Amino acid sequence: MAATASAQTLTATERAVARAVDTRNAEALALLERVVNINSGTNNVAGVRAVGEIFVRELQALGFNARLVQGTPDRGPHLVAEHPGSGPKMLLIGHLDTVFEPSSPFQKFERLNDSTARGPGIIDMKGGDVIIVQALKALKDAGQLDKMNIVVVMTGDEEASGRPLSLSKKALIDAAQGAAYALGFEDGPGDPRYAVISRRSSSGWRLTTTGTTGHSSQIFGEQMGFGAIYEAARIVNGFREALSKEQYLTFNPGMAVGGTATTVDSTATAGTASGKTNVIAPSMTVTGDIRAISPEQLARAQATMRRIVSENLPKTSATISFDEGYPPMAPTDGNRRLLAQYDAISKGLGLPPVDAVDPSRAGAADVAFVASIVPMLMDGIGLMGRDDHSDKETADLRTLPTQTKKAAILISRLGTGVRP
């Protein structure tokens, strides 16, 4: 407890870092407005590049080796910026893209009053990117940055990752090698009293069932069996019965297409079906997602689902496949210690305590791709607000300087060897 108490007392240098953030707040607001006003929907490759180039120049001015690197050919580039130093390696994670494409009517930064502004991607997550830059500027002003070993990665396709993920996330995964800490600057739950130390996975599954077709009057019989639709219903209900009560595990069947003749498109988000009430359906496809809190939980769930799929009704068959997706970020002891340090800093600044958000409120994010590499991670420490992914996306601008101060002081402590 003594270590926690002392951590809540800011040093003279840390107070200087906080003052530097305040001094640059008008500059931070101007940078935020500038990048929000550039459309960088995931499929707008030129727009993602334009936003990336702005942050490249900002980081180059701080002494980083900053550049844009290509991930998958159909997506915008990633920003990678390196600042070698003698301290422990730290990875700071953002993303350049938003969910709002050029066709969206929601395109511009709009100041609503002294404390709020609305704009596409303002909290998810251009505000977080600005906090990264402004925290590093404050550290530079206070003479703290020079010896720090920091890598910044802002991906260009977080909202709709390119495929394969091994190529899409290569720059991020490469940057994580040897890192002691990783900090993600998503908006999280939109409340500065919470941060994210665990995220559930997000991946897809595809179930295909087949049966013997024939006259419906013979269904359930020895010759015709149960048909593809009953087999799919058995399996999906079996998933529910076996797994629905496990904490933090969800699996949602989002689309089902069954009948005499069926098609499912290459994205598995649309299909067609035809059939007759007096004909036993020979085929059915069900697609869905699955979310788990840890790699172990995900593996157990997938094994159970495969077992249920294999226990076929008479005259039917079934297969299930799982696609690649976002891995889980488990709530480790290291992550909890990192949060405790962040909480102490918040209290030291006279701000509210910070607790871990319930993982059921934390969606998938890029930080999860390095969870198996970096021993201590935290996310959701970006700009706060509400209604992200909608045309009402609004930032609480009062949290821009406060979130930047907390991040800057945490980076200072970690980067100078203060272990959580």
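Is H11 mostly covered or mostly exposed, and how many of its 17 residues are buried? Here are some notes to go with the model.

1. A word on the basis: this is a predicted model, where local features need pLDDT of at least 70, side-chain atom pairs count only at pLDDT 80 or more, and totals for chains, interfaces and linings use all residues. Residues are numbered from 1 along each chain as its sequence is written, and side-chain values use heavy atoms, leaving out hydrogens and water.

2. To the opening question: H11 is mostly covered, with 16 of its 17 residues buried (under 20% relative accessible area, 1.4 Å probe, protein chains only). Helix H11 (a DSSP run of H or I, at least four residues, numbered from the N terminus) covers residues 399–415 and reaches 23 Å from first C-alpha to last, close to the 24 Å expected at 1.5 Å a residue (1.5 Å times one less than the number of residues). Just after H11, Gly417 has a positive phi of about 95 degrees.

3. Now the largest pocket (on a 1 Å grid over the protein atoms alone, an open set of points where a 1.4 Å probe fits, with protein on both sides within 12 Å along at least five of seven lines). Its volume, the space filled by probe spheres set on the points, is about 690 Å³. Of its 22 lining residues (an atom within 4 Å of a point), Arg163, Gly204, Thr267, Thr269 and Asp323 lie nearest the centre. Strands E9, E10, E13 and E14 (DSSP E, at least two residues) each supply at least two lining residues.

4. The second largest pocket holds about 390 Å³. Among its 20 lining residues, Asp124, Glu158, Glu159, Ala364 and His389 lie nearest the centre.

Methods
Buried means under 20% relative accessible area, exposed over 50%, partly exposed in between (1.4 Å probe, protein chains only).
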